[in-house]
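Colleague: I should be grateful for a close look at the pockets of this model, with attention to what lines them.

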Amino acid sequence: MTLATLSPAETRAAVDAGARLIDIRGADEHARERIPDAINVPLDRIGELPRDGSPVVFHCKSGMRTAANVAQLGAAAGSGPAYVLGGGIDAWRQAGHPTVADRSQPLEIMRQVQITAGSLVLTGVLLGLFVAPGFFGLSAFVGAGLMFAGVTGWCGMANLLRVMPWNRRAAA
């Protein structure tokens, strides 16, 4: 199944005509920046979307997630017309349409994982070079954890970061 791709201007017109704009990103991403009136239904809960036959426009950050999951999105839309916002919220913003940004919200969990993992690998390498070779094990441990997360879809670092005090606001 393929869904028609709409430009930001076409999406604005569809929403003004009554289409529902569905943000398939995670709640943490939606809390940090969103399109006004977009409904957050994360991809892992997309099956809960009401199938009332009304037009639906799905969007993510850049259009990659919607493109990769188009069959699942089409099934979730039911019998009503379904579309994808080409380029996601990034294209929406670049076209000059408004977004609601709350920079007081924590960074998205995956960005926190990237920052933390990168910092730990760099620290392990520097300590391994300048202090003791045993510190290279830290970099190897982080690399193995990232590989495990990629293979299984379960990321221990993301789960740990989710319960950190700075992320409690987004969860609430």
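**The pocket linings**

Modeller: By residue class, the lining of the second largest pocket comprises 10 nonpolar and two polar residues, with no charged residues. The model is a predicted one, and the volume of this second largest pocket is about 200 Å³. Its lining can be listed by name: Leu-120, Leu-138, Phe-141, Val-142, Gly-145, Leu-146, Phe-148, Ala-149, Trp-154, Cys-155, Gly-156 and Met-157. The two polar residues in the class count are Gly-145 and Gly-156, because Gly is placed in the polar class. Two helices, helix 7 and helix 8, each supply at least two residues of this lining. Helix 7 provides the largest share, seven residues.

The largest pocket has a volume of about 1,000 Å³. Its lining is made up of 37 residues, and Asp-28, Glu-29, Glu-108, Ile-109 and Met-110 are those that lie nearest its centre. In terms of class, this lining has 16 nonpolar, seven polar and 14 charged residues; Asp-28, Glu-29 and Glu-108 belong to the charged class.

As for secondary structure, at least two lining residues of the largest pocket come from each of helix 2 (27–32), helix 5 (88–94), helix 6 (109–130), helix 7 (136–152), helix 8 (156–162) and helix 9 (168–171). The largest share here is that of helix 2, with five residues. Helix 7 and helix 8 thus appear among the contributors to the largest pocket and also supply the lining of the second largest pocket.

Technical notes: Residues are numbered from 1 along each chain as its sequence is written. This is a predicted model: local features need pLDDT of at least 70, side-chain atom pairs count only at pLDDT 80 or more; totals for chains, interfaces and linings use all residues. Side-chain values use heavy atoms; hydrogens and water are left out. On a 1 Å grid over the protein atoms alone, a cavity is a set of points where a 1.4 Å probe fits but cannot get out, and a pocket is an open set with protein on both sides within 12 Å along at least five of seven lines; lining residues have an atom within 4 Å of a point. Grid points are joined across faces, edges and corners, and a volume is the space filled by probe spheres set on the points. Helices (H or I, at least four residues) and strands (E, at least two) are DSSP runs, numbered from the N terminus.
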